Amino acid sequence: MTSLPERLDSPERLAAPVAILAELTHRCPLACPYCSNPLALDPREEELSTSDWTRVFSQAAQLGVLHAHLSGGEPAARQDLALIITHCASVGLYTNLITSGIGLTQDRVRELAQAGLDHAQLSIQDSDAPSADRIAGYKGAFARKQAVAEWIVQAGLPLTVNAVIHRANISRAGKMIELAVRLGARRVEIAHTQYYGWGLLNRAALMPSRAAAEAAIAEVEALKKTLAGVIVIDHVIPDYHASYPKACMGGWGKRGLNVTPTGKALPCHAAETIPHLEFWNVRDHAIVDIWTNSPAFNAFRGEDWIREPCRSCPRKTIDYGGCRCQALALTGDAREADPVCHLSPYHAKIAAIAAQNEDAGGAPIYSYRRMKQREPAE
Ligand code: SF4
Ligand code: SF4
């Protein structure tokens, strides 16, 4: 094992990341209007090669990373996915496949399980088939996902179901949890839409009314109690209707890093929206060097950058002032407190946006996330 730089040798100064989120590709057959990928999607020709990725995972494991989240886009669009999983297993990384399910066959699921995959996370768009297909912009996606869930469970893999909540499906949050139970999931993640990237572009079509958000929160919290012991429910409540922000990514440059399909290392998936940050590429720098020295990772570490009201707030060690990307998007300055916080001088702006985007009725019109635009599913 190579020796670690001084900052990493001193855990009190800089701990190693727990997880790496690898966006293996931005290609995806689905077109979800809340997709967290950037608006400018990386083209296939510029994606990292198999050997680039295996080098990255070796370096991550050597640094002390425990979890490799294999994401996208749709990671199954990469023909070398099983090779990548085999490599991750060989260097001791716990692998989690984050998939839409589209592009997987039963044989492929078995192949991935045999390669050493530890866990699969399958997205669903709704519990109602026509609505799910419309949200995904892909006819037949709902039916296909039922089959994929069955193959995952049959392959002996623990299954988590992910559901992103927004105006078109919020009245069925509870039904989606019931669907996850029927699909054999051990865990379901109910996450209200985050307004970055495609989500921000589609905010007016995605944001639910306050009444609908409050009803869904109450329904999910009640199901957490009634389904205790049946399924674990992780609930990410909607930012625009909260009083305190989340500790985004567990703190900037504290717990994890993302690597884009073309190799840029990011402190969070939306970090590229912050201008003037310098991102290093895994093609040019080792993971340990990026984690320790990259300007983007160091930009919001420590406390020097923190402004009031966060600077004198006791919660700054809990939420780190919230999300830097949301602060930038809503205040124009990434160093401000996340305006989700009721103590932020910009908090009223959040309430105004939420009110402006109240459900006007009718089917929402989406700008679908596609590399090339085409007609959505009916
Ligand atoms: S959110 Fe939808 S479009 Fe984006 S990567 Fe996931 S499945 Fe594909
Ligand atoms: S003032 Fe800052 S640190 Fe305090 S709760 Fe609000 S966002 Fe968090």
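This report covers two ligand shells, a set of parallel strands, a helix and one loop residue in a predicted model.

Residues are numbered from 1 along each chain as its sequence is written, and chains are lettered from A and ligands numbered from 1 in the order in which they are written. In this predicted model, local features need pLDDT of at least 70 and side-chain atom pairs count only at pLDDT 80 or more, while totals for chains, interfaces and linings use all residues.

**Ligand shells**

A residue is near a molecule if its C-beta atom, placed from the backbone, lies within 6 Å of it. Ligand 1 is surrounded by C28, L30, A31, C32, C35, N37, G72, G73, E74, S100, S123 and R369. Around ligand 2 there are 14 residues, and the closest are C310, C313, R315, K316 and C341. For the table, Ala, Val, Leu, Ile, Met, Phe, Trp, Tyr, Cys and Pro count as nonpolar, Asp, Glu, Lys and Arg as charged, and the others, Gly among them, as polar.

| Shell | Nonpolar | Polar | Charged |
|---|---|---|---|
| Ligand 1 | five residues | five residues | two residues |
| Ligand 2 | eight residues | two residues | four residues |

**Strands β5, β6 and β7**

Helices (H or I, at least four residues) and strands (E, at least two) are DSSP runs, numbered from the N terminus. Two strands pair if DSSP finds at least two bridges between them. Strand β5 (residues 159-165) runs parallel to β6, with six bridges joining them. β6 also pairs with β7 in the parallel sense, over five bridges. V188 of β6 stands opposite V161 and opposite I233 in β7.

The covered face of β6 (residues 187-192) holds V188, I190 and H192, and the uncovered face holds R187, E189 and A191. In a regular strand the side chains alternate between the two faces of the sheet.

β5, helix α7 (residues 173-182) and β6 form a right-handed β-α-β unit; that is, with the strands pointing away from the viewer, the path from the first strand over the helix to the second runs clockwise.

**Helix α5**

A residue is buried if 20 or more other C-beta atoms, placed from the backbone, lie within 10 Å of its own, exposed if 12 or fewer, and partly exposed in between. In α5 (residues 129-136), A132, D133, R134, I135 and A136 are buried. These buried residues pack against β4 (119-124) and α6 (141-154), where contact is C-beta atoms within 7 Å. G137, just after α5, has a positive phi of about 65°.

**Residue D239**

D239 lies in the loop between β7 (232-236) and β8 (256-259). D239 counts as buried because 21 C-beta neighbours lie inside 10 Å. Leaving out residues up to four places away in sequence, D239 touches Q194 and V340. The C-alpha atoms of D239 and C341 are 9.2 Å apart, though the two are 102 residues apart along the chain.

Terms used
Two residues are in contact if their C-beta atoms, placed from the backbone, lie within 7 Å.
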